[in-house]
Amino acid sequence: MQLQCSEPCEASNQELREDRVCANCGAPLELVPERPSLSAEALRALWSGRRSSIEPADRSGVWRFRELLPAITERLADIVTIGEGNTPVLRGMATAKYAGVADLSIKHLGWNPTGSFKDTGMTVAVTRAAARGAKVVACASTGNTAASMAAYAARAGMKARVFLPRAVAAAKVAQAEAYGAELVRVGDNFDDALTEMLEGADPTTYVLNSLNPFRVAGQKTFIIELLEQLGWQVPDVIALPGGNLGNLAACGAALDDAMALGLITRRPRLAVIQAEGANPFARMWKSGAERLTPVSNPTTIASAIRIGAPVSWRNAARALRATGGTAIDVNDEAIAEARRVIGRDGIGCELGSAAALAGVKVLRDSGWLSEQERVICLLTGHLLKEPGTGDGSGNHAESHAHAGARC
Ligand code: F0G
């Protein structure tokens, strides 16, 4: 298992600390892929065989694919799992009609143990933190990472410290509290909270933000699980919401693995959707700029993706280039409308997730996507994370308590 800078830079090993960005150039770090020597057929048989096992690591929808994960621990008993992954793929009806495509399915990552896709990466990163003997873990978060980290840290007997900007969905704060995390309310948005957390973290604190390469490694597995659920038939487009862009980077890396191992023979196009008021990456993509210009005061009702300076933009751009994908933005009205349509399919999701469907509609209307193409929407968070409308009507429960204070 070896770390490298995600950019072609001359960083020395000392400059590659897994809980930080590259000290030489500021890009995120990544794990050098170590792919198994088994054939695609052997891997498929191994993974599907584990479904009938009673071993918790085999039953986890992440660790079932452990040939694709970094070798962190020899003993399965050392894995920190609470039954993550194994999320369904559901046929969309109202959603397909709304988007104007014949074949749309939803992979609902919000049906993970703490209600978001974050669990698929957190199980790996907390297992890594435990293997390194970490006693304290920390993250900045728009809420879901905080809830997930708090749960897995509790499970591993670690202290969790979460840095949350002032406006975060109340249910996510309540989750982190219920799992026993220390909450630090700081700054107006995620970017401020991240800066504060990184500046304050002493060397004994293990940082679990999405720049942590073990989280990205874990998140890769839901793409493999999706492909397995589709009988290894590759869809045409996978659409997902984008904030810090770690998830898009993980999807790209998963497709690289799947291609390299012969599990698939072509890549689906990845389409990442940002909120209009927090759209630095969509802007960069549209303009063809080489570098990302942050948005200094991100605003959107979709608090999960209210991020102005995404850390993983370089790997995200690479994933789009490798798949012929795209990045667009959608406005808050479109996000709220898409969420209502997802509700009509009896599925539901949090606002940030609904951006994916809103984006598919825009891509269909613009002709980027044809009616006959097979589309998968990744819904990233559960409806109960944020049941209100997020329009300030009072129906949306945001917590502003203890602003700027440790609580
Ligand atoms: N969807 C949900 C529900 C999220 O919580 C997030 C990010 C995203 C999408 C975007 O994923 O950042 O990898 O592009 N939430 C982070 C958090 C930032 O702190 O919970 P991304």
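1. By class, the shell around the ligand comprises 5 nonpolar, 16 polar and 2 charged residues, where Ala, Val, Leu, Ile, Met, Phe, Trp, Tyr, Cys and Pro count as nonpolar, Asp, Glu, Lys and Arg as charged, and the others, Gly among them, as polar. This is a predicted model, in which local features need pLDDT of at least 70 and side-chain atom pairs count only at pLDDT 80 or more, whereas totals for chains, interfaces and linings use all residues. Residues are numbered from 1 along each chain as its sequence is written.

2. Of the 23 residues around the ligand, those that come nearest are Ser141, Asn244, Asn247, Thr380 and Gly381; a residue is taken as near if its C-beta atom, placed from the backbone, lies within 6 Å of the molecule. Two or more residues of this shell are given by each of α5 (144-155), α10 (246-260) and α14 (351-365), helices (H or I, at least four residues) and strands (E, at least two) being DSSP runs numbered from the N terminus.

3. An open sheet of 4 strands, paired in parallel, follows the order β8-β6-β5-β9, where two strands pair if DSSP finds at least two bridges between them. Its edge strands, β8 (182-185) and β9 (205-207), each pair on one side only, and the twist from one strand to the next averages 25°. Strand β5 (residues 136-140) is joined to β9 by 3 bridges in the parallel sense, with Val137 opposite Tyr206 in β9.

4. Helix α5 packs on this sheet, touching β5 and β6 (159-164), and its direction makes about 175° with that of β6; angles run from 0 to 180 degrees between N-to-C directions, with axes fitted as lines to C-alpha atoms, for helices over the stretch in contact. Helix α7 (residues 190-200) also lies across β5 and β6, at about 150° to β5.

5. The axes of α5 and helix α6 (residues 170-178) are 8 Å apart, at an angle of about 15°, and the two helices are therefore roughly parallel, a term for angles under 35 degrees. In their contact, Asn144, Ala146, Ala147 and Ala150 in α5 meet Lys172, Gln175 and Ala176 in α6, contact meaning that C-beta atoms, placed from the backbone, lie within 7 Å. This contact has 4 nonpolar, 2 polar and 1 charged residues.

6. What is the class make-up of the contact of α9 with α10? Ile223, Ile224 and Leu227 in α9 meet Cys251, Ala254, Leu255 and Ala258 in α10, giving 7 nonpolar, no polar and no charged residues.

Definitions and conventions. Angles under 35 degrees count as roughly parallel, over 145 as roughly antiparallel, 65 to 115 as roughly perpendicular and the rest as oblique. Two residues are in contact if their C-beta atoms, placed from the backbone, lie within 7 Å.
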